[in-house]
Amino acid sequence: MNDISELTITALRFGFLLLLWVLIFSIVSTMRRDFQIGRKAVTGAPTAREVRKHPELAASPPPAIQHARNLVVTEGPLKGTTVPLAASPILLGRAQGSHPGPRRRLRLRPPRALVPAGQPLVH
């Protein structure tokens, strides 16, 4: 019986070792794939050397960033209102007075007597 249990333990050890190696190889392959994302073969983007040799491969400059000009209210009592925006930054969120109020504190009651006053605890 000891031979079977030793054989089982040895098989479990080799199985666990194999599982660890599979995990290690999957982690390494995932990391290799992540590091290859920036390469030309994966993205298809021309390298700097190719752009110097063939200027027509250069990407067009990105379009200029357009900033919002109007704010349109879509819900609530002001629905449909359009507000022009200035160049200053805008903070969207709750107003100072819109919070639900201070948190309610728990009122702790004094412990109730399990035995009426004047009676002994043990009979």
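**Exercise 1. Place H67 in this predicted model and decide whether H67 is buried, partly exposed or exposed.**

Start with the accessibility. H67 has a relative accessibility of 66%. The cut-off for exposed is over 50%, so H67 counts as exposed. Next, find its place along the chain: H67 sits in the loop that links α3 (48–53) to β1 (70–72). Finally, look for a partner further along the sequence. A87 is 20 residues away from H67 along the chain, and the two C-alpha atoms are 9.2 Å apart.

**Exercise 2. Do the same for A58: where does A58 lie, and how accessible is A58?**

A58 also belongs to the loop between α3 and β1. Its relative accessibility is 40%. Since partly exposed covers the range between 20% and 50%, A58 counts as partly exposed. For a distance check, take T47: the two residues are 11 apart in sequence, while 9.4 Å separates A58 from T47, C-alpha to C-alpha.

**Exercise 3. Search the whole structure for aromatic pairs and classify what you find.**

The search returns one pair. The partners are W21 and F25, with ring centres 5.8 Å apart and planes at 35° to each other. To count as a pair, centres must lie within 6.5 Å, and planes under 30 degrees apart would be stacked, while over 60 would be edge-to-face. The W21–F25 pair is therefore tilted.

Now see where the partners are. Both residues are in helix α1 (residues 2–35), and their spacing of four residues is about one turn of the helix. Then check accessibility for each one. W21 is partly exposed, because its relative accessibility is 44%. F25 has a relative accessible area of 56%, so F25 is exposed.

**Exercise 4. Which residues make the nonpolar surface patch, and what is the status of M31?**

List the members: F16, L19, L20, L23, I27, M31 and F35 together make a nonpolar patch of about 740 Å². Pick out M31, which is found in helix α1. With 41% relative accessibility, M31 counts as partly exposed.

**Exercise 5. Summarise the fold and the overall exposure of the protein.**

Count the elements to begin with: there are three helices and two strands. Reading from the N terminus gives the order α-α-α-β-β. Then turn to the surface. The protein has 123 residues, and 0% of them count as buried. Its accessible surface is about 13100 Å², with 63% belonging to carbon and sulfur atoms.

**Exercise 6. Where is confidence lowest, and where is confidence highest?**

Take the whole chain before its parts. The mean pLDDT is 76, and 62% of the residues reach 70 or more. Among the elements, helix α2 (residues 40–43) has the lowest confidence, with a mean of 51, whereas α1 has the highest, at 90. A word of care to finish: where pLDDT is low, predicted coordinates should not be read in detail.

Technical notes. Residues are numbered from 1 along each chain as its sequence is written. This is a predicted model: local features need pLDDT of at least 70, side-chain atom pairs count only at pLDDT 80 or more; totals for chains, interfaces and linings use all residues. Side-chain values use heavy atoms; hydrogens and water are left out. Rings of Phe, Tyr and Trp (its six-membered ring) pair if their centres lie within 6.5 Å; planes under 30 degrees apart count as stacked, over 60 as edge-to-face and the rest as tilted. Buried means under 20% relative accessible area, exposed over 50%, partly exposed in between (1.4 Å probe, protein chains only). Patches are made of residues with over 30% relative accessible area and no salt bridge: like charges are joined within 9 Å, nonpolar side chains (Val, Leu, Ile, Met, Phe, Trp, Tyr) within 5 Å. Accessible areas come from the Shrake-Rupley method with a 1.4 Å probe; for residues, only the protein chains shown count as cover. A salt bridge is a side-chain nitrogen of Lys or Arg within 4 Å of a carboxyl oxygen of Asp or Glu. pLDDT is the predictor's confidence in each residue, from 0 to 100.
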